[in-house]
Amino acid sequence: MSEDPSTGADPKKIEELQKEVERLNREKADAEARAAADAQAAAVAAEEKAAAELKMKEELEAQRIAAEDAERKRLEKEAKSKSRKRKIIGGVILLIVVVLIVLVASSGISVQPGTATNYPYITTYDVWFPIGEQVDISGHKLIALSDGNEMMFSADGSVTKLVRNEPITIGEQSVTLTTLFGSVPVMTVNYKVILEYQGNTEANQAYFKMLIQSDKSIPEVFVNLLLPNNVIARPA
């Protein structure tokens with residue numbers, strides 16, 4: 001009968017082996033615990049990082065929205081300011097136009113005998129008189145009667161025979177341009193009119209060269225007011 005070798009095992013060695021196993025188990029448990037803690041810490045750090053990134057994105061988005069809102073308000077304010085300026089400018093322009101219309105509509109002339117002896121300014125016009133109709137030029141009543149070669153010209157009742165290219169002087173006058181229906185004088189011009197007969201047109205008109213000699217430069221509005229509606233005139 002053989003002998004059981006386990007019966008002779010050393011109890012101390014058995015105890016040491018048990019302690020070693022226990023130590024290894026503890027180290028394993030500690031390592032697993034540390035690994036779990038590290039994993040949890042990493043997860044927490046990842047969550048914190050994600051939360052920080054989300055917060056940063058939200059702050060950036062809020063800043064962007066605030067900037068866009070500020071820019072929108074600035075543009076709206078600028079647009080309102082421009083609109084207000086346009087309205088003001090439009091109102092000023094409208095007022096100026098209304099004033100000019102009133103001034104032009106209320107313009108008139110008053111004519112007196114001339115007082116000047118020197119007429120340094122000359123303005124030339126082409127004019128067409130209706131033959132056989134009386135016209136009034138600054139108080140002078142004129143009638144042109146013609147056969148195409150000669151002009152019988154009645155000026156204030158005095159009949160003069162005109163030949164082509166022979167000038168005739170129609171008085172010397174002083175004319176005052178007024179506005180606001182004669183209440184405000186604008187300027188006074190001394191002048192005389194020289195007419196030079198050029199012939200007749202097919203439209204039964206007598207064609208003249210008209211020279212206006214004056215002591216001041218004459219605005220065109222003077223000429224428009226001096227000539228009646230049935231006389232056609234244009235700068236030559």
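How much area does the protein expose, and what share of it do carbon and sulfur atoms supply? In this predicted model, the exposed area comes to about 16,200 Å², and carbon and sulfur atoms supply 58% of that area. Of the 236 residues in the protein, 23% are buried.

The protein has two helices and ten strands, and these elements follow one another along the sequence in the pattern α-β-β-β-β-β-β-β-β-β-α-β. Helix α1 covers residues 11–105, whereas helix α2 covers residues 220–226. When contacts between residues at least 6 apart in sequence are considered, 62% of them join residues at least 24 apart.

The interior can be described through its nonpolar residues. In soluble globular proteins, nonpolar side chains tend to be buried together. The largest nonpolar core of this model has 31 residues, and within it Phe129, Phe153, Leu195 and Phe208 have the most contacts. At least two residues of this core are supplied by each of the strands β2, β3, β4, β5, β7, β8 and β9, and likewise by helix α2. Strand β8 gives the most, with five residues. The surroundings of Leu195 can be given in some detail: leaving aside residues up to four places away in sequence, Leu195 touches Val127, Phe129, Phe153, Glu166, Pro167, Ile168, Ile170, Phe208, Lys209 and Met210. Two of these neighbours of Leu195, Phe129 and Phe208, also belong to a cluster in which ring pairs link Phe129, Tyr197 and Phe208.

Aromatic pairs in the model number three. One of them is formed by Trp128 and Tyr207, whose rings are stacked, with 5.2 Å from centre to centre and 15° between the planes. Because Trp128 lies in strand β2 (residues 121–130) and Tyr207 in strand β9, this pair ties together parts that are 79 residues apart in sequence. Trp128 has a relative accessibility of 13% and therefore counts as buried. A further pair, formed by Tyr197 and Phe208, is tilted, with a centre-to-centre distance of 5.6 Å and an angle of 55° between the planes. Here Tyr197 belongs to strand β8 (residues 184–200) and Phe208 to strand β9, so the parts tied together by the pair are eleven residues apart in sequence. Both Tyr197 and Phe208 are buried.

Strand β9, which spans residues 205–214, also contains Gln213. With a relative accessible area of 16%, Gln213 is buried. If residues up to four places away in sequence are not counted, the residues that Gln213 touches are Tyr119, Tyr121, Ile122, Asn190, Tyr191, Lys192 and Ile194.

Charged side chains were examined next. Side chains of opposite charge can pair when their charged atoms come close. The structure holds 14 salt bridges, among them several within helix α1. Glu20 forms a salt bridge with Arg23, with the closest N and O atoms 2.2 Å apart; both residues lie in helix α1, three residues apart, or about one turn of the helix. Glu20 is partly exposed, at a relative accessible area of 33%, and Arg23 is also partly exposed, at 31%.

Further along helix α1, the side chains of Arg64 and Glu68 meet in a salt bridge with an N to O distance of 2.5 Å. These two residues are four apart in the helix, which is about one turn. The relative accessible area of Glu68 is 45%, so Glu68 is partly exposed, while Arg64, at 39% relative accessibility, likewise counts as partly exposed.

A salt bridge also joins the side chains of Arg72 and Glu76, at 3.0 Å from N to O. Because Arg72 and Glu76 are four residues apart in helix α1, about one helical turn separates them. Arg72 is partly exposed, with a relative accessible area of 40%, and Glu76 counts as partly exposed at 39%. Through salt bridges that share partners, Asp69, Arg72, Lys73 and Glu76 are joined into one network.

Helix α1 also includes Ile88, which, together with Val92, Ile96 and Leu100, forms a nonpolar patch on the surface. The accessible area of these four residues together is about 360 Å². Ile88 has a relative accessible area of 52% and is therefore exposed, given that the term applies to values over 50%.

Technical notes:
Residues numbered from 1 in each chain as written. Predicted model: local features only at pLDDT ≥ 70, side-chain atom pairs only at ≥ 80, totals over all residues. Heavy atoms only, no water. Patch = residues over 30% accessible without salt bridge, like charges linked within 9 Å, V, L, I, M, F, W, Y side chains within 5 Å. Areas by Shrake-Rupley, 256 points an atom, 1.4 Å probe, with all protein chains shown as cover. Buried < 20%, exposed > 50% of the residue type's maximum accessible area, 1.4 Å probe, protein only. Contact = heavy atoms within 4.5 Å. Phe/Tyr/Trp six-rings, centres within 6.5 Å; stacked < 30°, edge-to-face > 60°. Core = buried A, V, L, I, M, F, W, Y, C linked by side-chain atoms within 4.5 Å.
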